[in-house]
Amino acid sequence: MKKTEDSLKILGRKIVNGLNPSDRLLADSSFTRMLVRILKTPYSFNFPFDSIDAISRLYAPDSSFRIFTWELAIDENIIRQHGAIQMKTNDGSLKLFPLIDKSDNITGIKDTIANNRAWVGAVYYRILMNKSDNYKVYTLLGFDEYNIRSNRKFIELLHFENDEPIFGGDYFDFTADTSRKISAARHVMEFKKDAGPRLTFDNDMNMIIMEHLVSESNEPKKLWTLVGDGDYEGFKWSDGKWKYIPKVFN
């Protein structure tokens, strides 16, 4: 497995640094096939693949699954996210859910609830776990190098129904926002390409905090003009939902 990991590491870097789209596509295809093949090794769930620096690998806090995600840039305007969820199994066999990025075909990104084959693609950098009713709810913080003008960050929700992954859900409470009484299946931040607003989980405060966005040109509907203004809003988990807090620091 270590030998295969070394090969995956090389292919992963080619996905990111390939000189042209055909090189990156070929590396991505080879990487995917090789990863699936090595994951078929019994008890591969316990092998960390931690030297593959071109992809994200996150274990759920309860170690029930792990999620691989990575990005493939076709050109400046066409970015695809790829990934898979590997479940932990008692007998060490492989149970894998491919993540199929359908972002370009989804009309209402904020409201869509779908399975792994209609995934709103992102590269995840943090995973949290909470409980709502009888479900474990996993919250994923992710990044999408969206297009030539803007990037996106997500607060994505994941739970399992009948042992199948479901992305999105009614786990946000915006009642503290007098201008927005609607719910959402996920939270989306879209912002100017070279801006870097924070979206993170603060362990000390036990909450998600995110930088408030404003338009540089006073055109808030043009999302590619949004930048962070140094103020913070956030979400606190309470009564089975992420409750919106309009101002974190006074």
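Trainee: What makes Tyr 138 count as buried?

Mentor: Look at its relative accessibility, which is 3%. Buried means under 20% relative accessible area, exposed over 50%, and partly exposed in between (1.4 Å probe, protein chains only). The value 3% is under 20%, so Tyr 138 is buried. Keep in mind that this is a predicted model: local features need pLDDT of at least 70, side-chain atom pairs count only at pLDDT 80 or more, and totals for chains, interfaces and linings use all residues. Residues are numbered from 1 along each chain as its sequence is written, and side-chain values use heavy atoms, with hydrogens and water left out.

Trainee: How many aromatic pairs does a search of the whole structure find?

Mentor: The search finds 15.

Trainee: Why is the pair of Phe 65 and Tyr 138 called edge-to-face?

Mentor: The ring centres are 4.8 Å apart and the planes stand at 85 degrees. Rings of Phe, Tyr and Trp (its six-membered ring) pair if their centres lie within 6.5 Å; planes under 30 degrees apart count as stacked, over 60 as edge-to-face and the rest as tilted. Both tests are met, so the name is edge-to-face. Phe 65 is in strand E2 (residues 65-75) and Tyr 138 in strand E7 (residues 135-144), so the pair ties together parts 73 residues apart in sequence. Strands (E, at least two residues) are DSSP runs, numbered from the N terminus. Phe 65 is buried too, at 0%.

Trainee: What makes the pair of Phe 174 and Tyr 244 tilted?

Mentor: The centres are 5.6 Å apart, with 40 degrees between the planes. That angle is neither under 30 nor over 60, so the pair is tilted. Phe 174 is buried at 4%, and Tyr 244 is buried at 8%. Both belong to one aromatic cluster with Phe 172 and Phe 235.

Trainee: How do you know that Asp 144 and Arg 152 form a salt bridge?

Mentor: The N to O distance is 3.0 Å. A salt bridge is a side-chain nitrogen of Lys or Arg within 4 Å of a carboxyl oxygen of Asp or Glu. The value 3.0 Å is within 4 Å, so the pair qualifies. By this rule there are 12 salt bridges. Asp 144 is buried at 3%, and Arg 152 is buried at 5%.

Trainee: What makes Lys 241 and Asp 170 a salt bridge, and are these residues buried or exposed?

Mentor: Their distance is 3.4 Å, N to O. That is within 4 Å, so they meet the rule. Lys 241 has 26% relative accessible area, so Lys 241 is partly exposed. Asp 170 has 47%, so Asp 170 is partly exposed as well.

Trainee: Why do E10 and E12 stand at the edges of their sheet?

Mentor: The open sheet has five strands in the order E10-E15-E14-E13-E12, and the pairing is mixed. E10 and strand E12 (199-202) each have a single partner strand, so one side of each is left without a neighbour in the sheet.

Trainee: How do you know that E10 and E15 pair?

Mentor: Two bridges join these parallel strands. Two strands pair if DSSP finds at least two bridges between them, so E10 and E15 pass. Asp 173 stands opposite Lys 243 in E15.

Technical notes. Helices (H or I, at least four residues) and strands (E, at least two) are DSSP runs, numbered from the N terminus.
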